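Student: I would like to practise reading a structure feature by feature. Please give the general idea where there is one, and then the case at hand.

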Amino acid sequence: MEDLKDHIETHLGEAISAANIINGELTLEANREDIIKVISFLRDDPICKFSSLIDICGVDYPARARRFDVVYHMLSMAHNTRIRIKITTDEIVPVQTITSLFPNANWYEREAFDMYGILFNEHPDLRRLLTDYGFEGYPLRKDFPLSGFVEVRYDEERKSVVYEPVNLPQEYRSFDFMSPWEGAKYILPGDEKAEEG
């Protein structure tokens, strides 16, 4: 792993700011502007051969100026080795898409956009993927409220889906904090076996 780390640092130079081996896996911290160069090198270099893009995900650190980490996970099937590449960005500056290098990045980048609002420059179809068309905000950001802004329900009278402000009716909840196996006033299926023993 150390040899691979040295090889990558030698060839990528200024494109990466740090390389660390953590739990037997290599993690690179790359410059946002050089992500195409870094991913291309890792895929095409005969010593690296990271030919599979496993995942792209976002991480939110709202206290930082560049609040988002965009994390790429790649696999070299030839060497049975994984690598992680991290870059940082904010809500305004887009990251260059890598869909030309790995077509499956399309889905992952759309997911990062939908959940965090991370923008990808030159993406072929950057639109919502997991949330509804009218959804406002980005649900995996740390500053997104836990209950959301609106709730959705089907209105039988209108025969359509309606959006309403979140309403949490606490008075209908009963919290007895007792396990049903300990506090039930009736025998649950299977309990009769415990009584016999």
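Student: By class, what does the lining of the largest pocket have?

Tutor: Rolling a probe the size of a water molecule over the atoms shows where empty space is left. Here the lining of the largest pocket has 6 nonpolar, 2 polar and 2 charged residues. Bear in mind that this model is predicted.

Student: Which residues line the largest pocket, and what is its volume?

Tutor: The volume is about 200 Å³. Its lining is made up of Asp132, Gly134, Phe135, Glu136, Phe144, Gly148, Phe149, Val150, Val152 and Tyr163.

Student: Now the interior. How many residues has the largest nonpolar core?

Tutor: In soluble globular proteins, nonpolar side chains tend to be buried together. The largest nonpolar core in this model has 36 residues, and Ile8, Leu42, Tyr72 and Ile85 have the most contacts inside it. At least two residues of this core come from each of H1 (2-12), E1 (16-22), E2 (25-30), H2 (35-44), E3 (52-60), E4 (68-76), E5 (81-89) and H3 (105-116).

Student: What is Ile85 in contact with?

Tutor: Beyond its neighbours within four places in sequence, Ile85 contacts Leu28, Ala30, Ile35, Val38, Ile39, Leu42, Val70, Val71, Tyr72 and Met74.

Student: Which residues of H2 are buried?

Tutor: An α-helix has 3.6 residues a turn, so residues three or four places apart point the same way. In H2 the buried residues are Ile35, Val38, Ile39, Ser40, Phe41 and Leu42. They pack against H1, E1, E2, E4, E5 and strand E6 (95-96).

Student: In what sense do E3 and E4 pair?

Tutor: Antiparallel, over 8 bridges. Within this pairing, Tyr72 of E4 stands opposite Ile56. E4 also pairs with E5 in the antiparallel sense, over 9 bridges, and there Met74 has Ile83 in E5 as its bridge partner.

Student: How many residues lie between E4 and E5 in their hairpin?

Tutor: There are 4, and Asn80 in the turn has a positive phi of about 50°. As for cover, 8 of the 9 residues of E4 are buried.

Student: Take Ser52 last. Why does Ser52 count as buried?

Tutor: The cut-off for buried is under 20% relative accessible area. Ser52 counts as buried because its relative accessibility is 18%. Ser52 sits in strand E3 and, leaving out residues up to four places away in sequence, touches His73, Met74, Leu75, Met77 and Phe102.

Note on methods
Residues numbered from 1 in each chain as written. Predicted model: local features only at pLDDT ≥ 70, side-chain atom pairs only at ≥ 80, totals over all residues. Heavy atoms only, no water. Core = buried A, V, L, I, M, F, W, Y, C linked by side-chain atoms within 4.5 Å. Buried < 20%, exposed > 50% of the residue type's maximum accessible area, 1.4 Å probe, protein only. Contact = heavy atoms within 4.5 Å. 1 Å grid on protein atoms, 1.4 Å probe; cavity = no way out; pocket = protein on both sides within 12 Å on 5 of 7 lines; lining within 4 Å. Points joined across faces, edges and corners; volume = space filled by probe spheres on them. Nonpolar A, V, L, I, M, F, W, Y, C, P; charged D, E, K, R; others polar. Pairing = 2+ DSSP bridges.
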